[in-house]
Amino acid sequence: MRGGALRAFVVKELQHIVRDRQTLTVLLLMPLVQVLLFGNALRNDVRDIRIAVVDPSPSAVTQRLRDAFVATRRFHIVADARAMDQVEPLFRRGEADVALVIDPAFTEQLGRGEPARVLLVTDASDPNTGSTMEAYALAVLGDYERTLRGGSAPGIAVQTRMRFNPTLESVNLFIPGLIALVLTLVSALMTAISLSREKERGTLEILLVSPLRPWQIIVGKVVPYIALGLANAATTLAVAWVVFHVPFRGSAALLLAESLLYTLASLALGVLIAANASSQRAAMLGALVVTMLPNTLLSGMIFPIASMPAPLRLVTNVVPARWFIVIARGIMLKGVGLEHLWVETLVLVGMTALLLVAAVRRFHARIA
Amino acid sequence: MRTIRFLLRKEYRQIFRDRVMVAQIFMVPIIQMLVLANAATFSVRSVQLWVVDDDRSSVSRAIVDRLTASGRFVLAGSSASMAEADDALLDRRAGLILHLPARLERELVRTRRGEIQMIFNAEDGAAAGIASAYAQRIVAGYGAELAAELRPAVGAIGAASDAPRAAGGSLDLRLRGWYNPELDYRDFMVPGILVVLVTIVGSMLTAVNIAREKELGTLDQLNVTPVTKTQFIAGKLIPLWSIGLVELGVGLAFAHAVFGVPVRGSLWLVFGAAAMYLVVALGIGLLVSAMVDTQQQAMFVIYFILIVYLLMSGLFTPVRSMPVWAQWVSAFTPVQHFVTVMRSVLLKGGGVGDVWRELLVLAGYGVVVFWVAVRQYRKRVA
Amino acid sequence: MSEPAIVAEGLTRRFGDFVAVDALTFEVARGEVFGFLGANGAGKTTAIRMLTGLLAPSAGHATVAGHDVGRDPEGVRRRIGYMSQRFSLYEDLTVRENVELYGGIYGLSDAEIRDRGGALLESLGLTPWARTLVGAIPLGRKQKLAFSVALIHRPAIVFLDEPTGGVDPITRRQFWEMIYETAARGTTVFVTTHYMDEAEYCDRISIMVDGRMAALGTPAELKRAHGVASVDDVFVRLARAG
């Protein structure tokens with residue numbers, strides 16, 4: 001068995017990939033569209049808060065309170081309601097986010113030197129946006145209180161610094177995860193489907209009776225996907241860098257090496273799935289359930305692992321992407337090297353080794 | 001009608017004969033609920049707090065106590081040097097460094113103002129932002145208390161002119177968070193997850209199902225029979241449409257029973273909207289199936305469309321935080337309107353009067369998508 | 001026997017610049033077994049797809065069982081049966097369920113489905129297999145079942161696209177006996193095949209080469225015209241010339 005046959009096999013596999021235009025287009029387009037979407041559309045920041053004011057007895061004093069909100073530009077008043085029961089429909093229709101309910105006796109209370117009553121209602125159906133909106137409103141009310149008192153209030157000022165991502169760009173967070181996703185998609189999903197298709201059509205048997213050794217068939221299958229995956233990941237990085245100026249602080253060589261390691265793990269997973277699946281459909285579903293789902297949901301790519309309940313947090317430990325994402329974020333955003341990432345790298349190496357052994361064994365047992 | 005009856009019987013038989021399929025239909029909503037509802041959360045639970053206390057006063061200790069007592073922050077460690085703290089931040093042992101400078105307490109007593117420093121690991125910008133809001137609120141609350149305690153002592157100096165106004169110039173502020181006072185992220189996410197479920201069942205199953213008949217050659221066989229386009233499409237879509245509604249029921253019942261997710265509005269409205277939305281989702285699946293030759297392609301194309309749709313739908317991030325162009329794109333995704341309806345009805349108890357616009361859009365969408373899909377689908381190649 | 005079962009006049013199909021079927025003109029009489037031969041890629045499948053109304057002709061026209069394939073494909077479909085190259089029954093339905101499905105699709109009443117279905121399974125010896133998934137019965141039986149199902153609505157014409165591919169010689173023989181019985185009942189049989197011995201069984205055969213009909217006649221006529229001993233030789237000669 002010389003290198004020539006293996007090369008011919010790799011070429012055949014590449015031709016398969018290039019010929020299937022629809023799949024190739026989706027594969028090449030997907031990372032680009034995803035970067036653009038994640039970078040542009042997925043924001044949590046709250047910029048424009050619609051406020052409804054309930055002010056049953058308007059006066060110069062309450063007018064100043066309203067002005068205080070409008071002056072921030074973050075708030076704009078969308079409705080003036082006479083009573084609380086007019087606020088509820090606004091919230092239900094999603095036309096207002098916050099309601100400022102001023103007590104009918106507000107002006108008198110202030111005049112008498114009593115604390116003046118104000119109720120702040122927030123649409124908390126989205127807890128995060130709700131808390132953020134409430135915090136902004138509290139800041140406005142705090143300033144207003146201060147002007148009432150005339151002079152600076154006592155207190156503790158908090159000076160905050162956001163390390164690694166000062167503008168809190170969510171795209172910076174998503175890109176490393178996206179790279180993991182792209183690598184998984186190409187290496188695990190595509191490998192699983194393409195291997196199971198050959199199995200279904202019986203062409204795998206032709207390969208098996210050829211002088212090619214089983215490991216060579218696997219290598220021939222996966223080499224083109226490794227190339228495709230890395231190329232895809234590179235495009236993702238380039239777009240992220242050019243369009244969104246996502247930082248790249250660490251070593252590119254290290255990231256490449258870690259990506260290769262991760263790709264190997266995914267490929268092994270793909271071969272495992274294909275070896276176990278009875279049909280293309282089963283392989284597809286298997287790959288979706290075993291790779292794509294955990295990689296998007298349980299890897300910390302989008303949703304922070306720290307927020308999950310303990311049992312799920314434990315489960316995330318067996319998801320290779322979880323470790324890869326920590327590594328990629330470390331390299332890209334923090335600019336750290338192996339001295340801070342050796343634990344994660346070791347875990348990934350262990351997983352890869354385990355998966356590779358399992359894949360080769362399973363392939364021998366089930367297919368060869 | 002008779003023909004449709006035979007086609008329906010065939011379709012139901014095929015679906016329910018496939019064990020894997022049946023398992024999926026009933027297990028997927030439950031698993032999805034269990035995993036997604038718990039995993040898909042942006043709520044910030046516990047941030048690892050690292051303290052560098054150069055003051056070592058009652059005030060500095062009180063600040064740390066207040067933060068940890070809130071349950072949002074867990075003391076992960078402390079050090080005398082900032083360098084050590086920074087190391088902890090780099091290898092993720094800490095999410096927040098709280099630096100309490102020397103002479104904090106003395107400054108506070110003397111000038112009524114003190115300054116502390118918080119350094120967040122902002123890799124996850126959104127989470128860091130939220131954590132920072134929590135921390136600031138806690139510290140500000142403590143500051144206000146402290147000010148009240150300090151006032152008599154400090155007030156004595158400038159009391160003459162200031163005292164009456166200072167006493168009266170305060171607000172009695174009450175806060176209320178409607179619909180989700182506990183700030184439970186699951187209440188917010190579950191209606192969205194149900195939308196994902198219905199969308200996947202609708203589009204993915206339809207596209208893959210028809211692509212499979214194409215691949216196997218049975219579609220050609222049907223095409224040479226007198227089965228009309230309408231009969232064929234009805235025979236394919238009615239089963240998947242009904243399964244979609246069943247999925248929604250299973251998912252909703254599970255979420256309600258296990259997570260206590262509220263159902264404040266009318267269930268009729270929920271299922272009515274879902275019935276309309278499913279027509280859109282099925283139509284998309286039908287359109288895709290007309291474009292592809294194999295199941296693999298169908299999967300990929302649908303997957304791609306779903307990613308775009310779901311990300312743009314406001315499911316995970318508020319639509320109103322998107323740039324204007326993205327808001328426009330979002331307005332054109334049917335998913336967004338269905339998400340709005342579900343959240344309004346389930347969480348806020350919205351009625352038809354509150355969501356009629358969304359329903360109208362969904363209906364319009366259904367008609368258009370379906371019309372195009374039916375036109376696209378041909379028994380015969382021109 | 002007035003009107004022929006199939007009339008094609010100048011039937012043509014182009015895909016871009018490529019002419020797959022070029023001005024096909026022929027007639028098939030009622031009750032005839034018509035063999036449709038040609039090398040792979042000669043345009044046989046394209047022609048069948050046009051005659052069954054799956055593909056619109058680019059030029060020319062054809063009438064099948066009195067209905068124009070271009071203007072009234074639905075009329076054509078009610079009168080024909082079709083069994084394609086790929087196995088086209090549902091493998092995940094049982095034998096009986098497949099029979100019921102196609103009976104229902106062709107508008108048979110429940111009683112008709114029961115009677116004809118029962119007789120059909122009986123004659124194929126498939127009664128004990130009625131509740132078995134089609135995917136689980138042997139290929140030869142499956143092909144015979146597919147043929148019978150294609151005839152369940154008693155069509156005027158049945159199109160068979162390589163019906164005996166991959167089937168053992170004994171089953172092939174039985175299959176051809178079924179074809180003869182069908183033709184004897186007055187049903188026209190339009191069949192494509194790669195087996196030249198099968199071509200000899202046909203009343204008339206046509207041979208397609210590069211989208212054109214290079215020969216048309218009874219097997220005996222063609223052998224005589226080309227001065228060879230078998231249809232096989234006729235075929236090789238024409239295919240090589242083309």
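**Exercise 1. In chain A, what share of the contacts with a separation of 6 or more comes from residues 24 or more positions apart?**

Step 1. Keep in mind that you are working with a predicted model.

Step 2. Take the contacts in chain A with a separation of 6 or more; residues 24 or more positions apart account for 77% of them.

Step 3. Now add the secondary structure: chain A holds 14 helices and five strands.

**Exercise 2. Work out how the radius of gyration of chain A stands against that of a compact globule of 368 residues.**

Step 1. For a compact globule of 368 residues, expect a value near 21 Å.

Step 2. Set this beside chain A, which has 28 Å.

Step 3. Look at the box filled by the C-alpha atoms of chain A: along the principal axes, it is roughly 100 × 45 × 40 Å.

Step 4. Finish with burial: 46% of the 368 residues of chain A count as buried.

**Exercise 3. Find the residues that touch the most other members of the largest nonpolar core.**

Step 1. A useful reminder: nonpolar side chains tend to be buried together in soluble globular proteins.

Step 2. The largest nonpolar core has 221 residues, and those touching the most other members are A:Ala180, A:Val271, B:Val198 and B:Tyr277.

Step 3. Pick A:Val271 and set aside its neighbours within four places in sequence; its contacts are then A:Thr191, A:Leu195, A:Ile218, A:Ala359 and A:Phe363.

Step 4. Another core, of 31 residues, lies apart from the largest one, and B:Ile63, B:Ile97, B:Ala131 and B:Ala135 are among its residues.

**Exercise 4. Is helix α13 of chain B largely enclosed or largely open?**

Step 1. Locate the helix at residues 334–348 of chain B, 15 residues in length.

Step 2. Check its span: from first C-alpha to last, α13 of chain B reaches 21 Å, close to the expected 21 Å.

Step 3. Count burial, where a residue needs 20 or more other C-beta atoms within 10 Å of its own. Because 15 of the 15 residues of α13(B) are buried, the helix is largely enclosed by the rest of the structure.

Step 4. Go just past the helix, and you meet B:Gly349 with a positive phi of about 70°.

**Exercise 5. Which pair of chains has the most contacts?**

Step 1. Two pairs of chains touch, and the pair with the most contacts is A and B.

Step 2. Chains A and C do not touch, with their nearest C-alpha atoms 14 Å apart.

Step 3. Between chains C and B, 23 residues of chain C are in contact with 20 residues of chain B. On the chain C side, α2 (73–79), β6 (80–83) and α3 (95–105) each supply at least two residues. That side divides into eleven nonpolar, six polar and six charged residues.

How values were computed. Residues numbered from 1 in each chain as written. Chains lettered and ligands numbered in written order. Predicted model: local features only at pLDDT ≥ 70, side-chain atom pairs only at ≥ 80, totals over all residues. Contact = placed C-beta atoms within 7 Å. Helix = DSSP H or I, 4+ residues; strand = E, 2+ residues; numbered from the N terminus. Nonpolar A, V, L, I, M, F, W, Y, C, P; charged D, E, K, R; others polar. Rg over C-alpha atoms; globule rule 2.2 N^0.38 Å. Buried ≥ 20, exposed ≤ 12 C-beta atoms within 10 Å, placed from the backbone. Core = buried A, V, L, I, M, F, W, Y, C linked by C-beta atoms within 7 Å. Expected span 1.5 Å × (residues − 1).
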